[in-house]
Amino acid sequence: MAEEPCQCPDCQRFYKVHDRLIREFPTFKEQQELNWASIQSFRTLCNKVTNELQIRLSERESNENISQEGEHISDTEISQALDELESVNAYLYSIEALMERIFDIKISNNLELKFKEIANELAPDPLNMDRLILDRLFHQTPDTPDKKDTI
Ligand SMILES: [Zn+2]
């Protein structure tokens, strides 16, 4: 017997994002670009935060006597965060190397059509009229209705 997928808030949010990414990026090429952009944006953000923290830490080291009142992040916290971000950056670098290999693969237009067709089955357009009406009903009900009753 197939197990029911978990319906906790985290999982529900995940299903929603998962389906949206299939719906909005329904081709192989779009998925390649999306995933490439997502790794790059994650790296950019992590690098920027790492740089800022490093500057902050070295400023504090050179101004040891100056009061650190008003600072929300302690030195220990910064050092720990820098260690963790360093690992994250190394992992992202590895993922990027693999992603480059995936990025090199090109597929035919006919196969792209198949991707679109399957994407549409997996994650139908929520702006579709029937779906909009259903959603409106969902939002009027205080309790989340049981999926089995509504679909
Ligand atoms: Zn869950």
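Here is a walk through the fold, one helix pair, one pocket and two aromatic residues.

Keep in mind that this is a predicted model. The overall recipe is simple to describe: the protein has six helices and zero strands. If you trace the chain along its sequence, the pattern reads α-α-α-α-α-α. Of the 151 residues in the protein, 15% are buried.

Let's start with α2 and α3. Helix α2 covers residues 28–62 and helix α3 covers residues 75–103. Their axes come within 9 Å and cross at roughly 155°. Angles over 145 degrees count as roughly antiparallel, and α2 and α3 are therefore roughly antiparallel to each other. As for handedness, the crossing in which α2 passes α3 is left-handed. What sort of residues make up the contact of α2 with α3? By class, there are 18 nonpolar, eight polar and seven charged residues.

While you're looking at α2, find Trp36, which lies in this helix. Is Trp36 buried, partly exposed or exposed? Buried means under 20% relative accessible area, so at 23% relative accessibility Trp36 counts as partly exposed. Trp36 also gives you a handy link across the fold: Phe103 is 67 residues away in sequence, yet the two C-alpha atoms are 7.9 Å apart in space. Phe103 falls within the residue range of α3.

Phe103 turns up again in the next stop, as one of the residues that line the second largest pocket. This pocket has a volume of about 160 Å³. Because a probe the size of a water molecule is rolled over the atoms, empty space that is left shows up. Around the pocket you'll find Phe28, Lys29, Gln32 and Glu33, along with Phe103, Ile105, Lys106, Ile107, Asn109 and Glu112. Which helix supplies the largest share of this lining? That would be α2, with four residues. Helix α4 (109–122) joins in too, as α2 and α4 each supply at least two residues of the lining. By class, the lining has four nonpolar, two polar and four charged residues.

Since we've reached α4, have a look at Phe115, which is found in that helix. With 34% relative accessibility, Phe115 counts as partly exposed. How far is the C-alpha atom of Phe115 from that of Pro26? The two are separated by 6.4 Å, although Phe115 and Pro26 sit 89 residues apart along the chain.

Note on methods:
Residues numbered from 1 in each chain as written. Predicted model: local features only at pLDDT ≥ 70, side-chain atom pairs only at ≥ 80, totals over all residues. Heavy atoms only, no water. Axes fitted to C-alpha atoms, helices over the stretch in contact; angles between N-to-C directions. Parallel < 35°, antiparallel > 145°, perpendicular 65-115°, else oblique. Left-handed = near helix turned anticlockwise from the far one by under 90°. Nonpolar A, V, L, I, M, F, W, Y, C, P; charged D, E, K, R; others polar. 1 Å grid on protein atoms, 1.4 Å probe; cavity = no way out; pocket = protein on both sides within 12 Å on 5 of 7 lines; lining within 4 Å. Points joined across faces, edges and corners; volume = space filled by probe spheres on them. Buried < 20%, exposed > 50% of the residue type's maximum accessible area, 1.4 Å probe, protein only.
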